[in-house]
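Open the model in your viewer and keep the selection tool at hand. The stops below go from one helix pair to the next and end at a pocket.

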Amino acid sequence: MSSSFEGDTDSISSNSSSAISLDDDQTNSRIDPHWSKYRNIFECHGYHLETVRDVKDYYRDYDVESYRMSPAYRRACALQDDNALCKDPGLPSNLFRATCHDSSAKLIVKAVHLLSRERSIARYMSSSVLRRDPMNHCIPILGLLDVPSDGLCFIIMEEWSPHLLSRLPTCLVEFLSAIQQCIEHIVFMHKYNIVHLDISVHNFVTDYYGHYACIDYELSRRLDIDDSHDVSPRGTEIPPELGHGQSSNLFAIDIWALAMLILRACDMTGFQVPGLIQLTRPMLNESPDKRPSALAVLREFHLIYSSYMS
């Protein structure tokens with residue numbers, strides 16, 4: 001078993017387009033592990049998977065009845081063994097809540113296949129070289145616990161908010177900072193030939209202290225090492241060419257989805273910034289080859305930001 005990040009900084013080569021077709025191979029599908037089987041592994045590495053007692057103690061700190069009626073609390077109360085693991089019914093089967101023994105930090109653990117693209121990308125973006133890039137806004141990953149005998153890997157992440165706008169920004173500066181960090185991360189990914197392919201308000205989160213991070217790399221690809229560049233239209237924001245079964249530039253798929261994220265964020269917050277609306281128009285061009293690059297989007301955003309701050 002291993003839990004390292006290093007040794008995965010392969011050289012980068014350019015590859016920006018491919019045909020679109022169904023690709024749902026076994027190593028990249030969601031899995032449903034028997035979490036109790038791996039409990040001791042987590043404990044040996046300093047992580048504690050959430051138990052019935054943990055859930056009960058958490059909700060007993062609240063006097064509000066609505067908290068006590070939550071599905072998680074009711075599920076915990078229905079179990080007799082306080083030491084048993086308690087899965088949060090609000091999370092998918094491949095996610096589990098945990099705590100770090102040393103820091104008491106709240107964590108989310110994600111189970112993936114050992115040979116999955118998501119593990120490869122998580123390891124790559126968490127390497128020391130890429131972590132130094134200021135535009136890398138990947139969710140902080142504490143470690144990767146590999147279980148080769150079962151073909152599994154557990155990605156251990158900090159627990160942040162459920163989605164980008166779990167708490168609405170209080171001012172325009174805070175809102176623009178959130179959008180900037182989202183754009184920056186796409187610039188970072190594309191710089192290293194990584195495409196996300198499921199950019200949405202649900203796949204960016206916040207720590208509530210002005211930092212925003214990207215999650216969920218299930219559909220993502222490293223175009224420099226991935227032999228198959230075919231993707232199916234499974235993301236949240238589907239550009240028209242995918243909907244029509246046509247080929248596309250994979251980077252352009254991210255640009256379309258990023259534009260939709262910006263527009264939805266404007267609607268959800270009430271910050272209808274004319275400059276941002278204008279920014280998204282070329283990003284939503286029905287011809288993928290006519291959409292701007294992520295770097296061009298960021299440069300235009302900087303001009304918009306400066307005009308509002310002057």
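## Stop 1: α7 and α11

Helix α7 passes helix α11 in a left-handed crossing. This is a predicted model. To see the pair, select residues 172-191 for α7 and show α11 beside them; the two axes come within 9 Å and cross at roughly 165°. An angle over 145 degrees counts as roughly antiparallel, so α7 is roughly antiparallel to α11.

Now show side chains on both helices. On the α7 side, the residues in the contact are L172, V173, L176, I179, Q180, I183, E184, I186, V187 and H190. Facing them from α11 are A294, L295, V297, L298, F301, H302, Y305, Y308 and M309. Colour this contact by class and you will find 15 nonpolar residues, three polar and one charged.

## Stop 2: α11 and α10

Keep α11 (residues 294-309) selected and add α10 (residues 274-283). Their axes lie 10 Å apart, at an angle of about 165°, and the two helices are therefore roughly antiparallel to each other. This crossing is right-handed.

From α10, pick P274, G275, L276, L279 and M283; they meet V297, E300, F301, I304 and Y308 of α11. The contact of α10 with α11 has eight nonpolar residues, one polar and one charged. V297, F301 and Y308 of α11 were also among the residues that meet α7.

## Stop 3: α10 and α9

Leave α10 on screen, hide α11 and select residues 250-269, which form α9. The axes of α9 and α10 cross at roughly 155° and come within 9 Å, which means that α9 is roughly antiparallel to α10. Here the crossing is left-handed.

Which residues of α9 meet α10? They are I255, W256, L258, A259, I262, L263 and C266, and their partners in α10 are L276, I277, L279, T280 and M283. By class, this contact has eleven nonpolar residues, one polar and no charged ones. L276, L279 and M283 of α10 are also in the contact with α11.

## Stop 4: the largest pocket

Clear the helices and turn on a surface. Rolling a probe the size of a water molecule over the atoms shows where empty space is left. The largest pocket holds about 630 Å³ of space. To centre the view, select L91, L95, S161, P162 and I215, the closest to the pocket centre of the 23 residues that line it.

Then add the strands β3 (95-100), β4 (106-113) and β6 (152-158), the elements that each give two or more residues to the lining. What classes make up the lining of the largest pocket? Eleven of its residues are nonpolar, five are polar and seven are charged.

Methods
Residues are numbered from 1 along each chain as its sequence is written. This is a predicted model: local features need pLDDT of at least 70, side-chain atom pairs count only at pLDDT 80 or more; totals for chains, interfaces and linings use all residues. Side-chain values use heavy atoms; hydrogens and water are left out. Axes are lines fitted to C-alpha atoms, for helices over the stretch in contact, and angles run from 0 to 180 degrees between N-to-C directions. Helices (H or I, at least four residues) and strands (E, at least two) are DSSP runs, numbered from the N terminus. Angles under 35 degrees count as roughly parallel, over 145 as roughly antiparallel, 65 to 115 as roughly perpendicular and the rest as oblique. A crossing is left-handed if the near helix is turned anticlockwise from the far one by less than a right angle, and right-handed if clockwise. Contact means heavy atoms within 4.5 Å. Ala, Val, Leu, Ile, Met, Phe, Trp, Tyr, Cys and Pro count as nonpolar, Asp, Glu, Lys and Arg as charged, and the others, Gly among them, as polar. On a 1 Å grid over the protein atoms alone, a cavity is a set of points where a 1.4 Å probe fits but cannot get out, and a pocket is an open set with protein on both sides within 12 Å along at least five of seven lines; lining residues have an atom within 4 Å of a point. Grid points are joined across faces, edges and corners, and a volume is the space filled by probe spheres set on the points.
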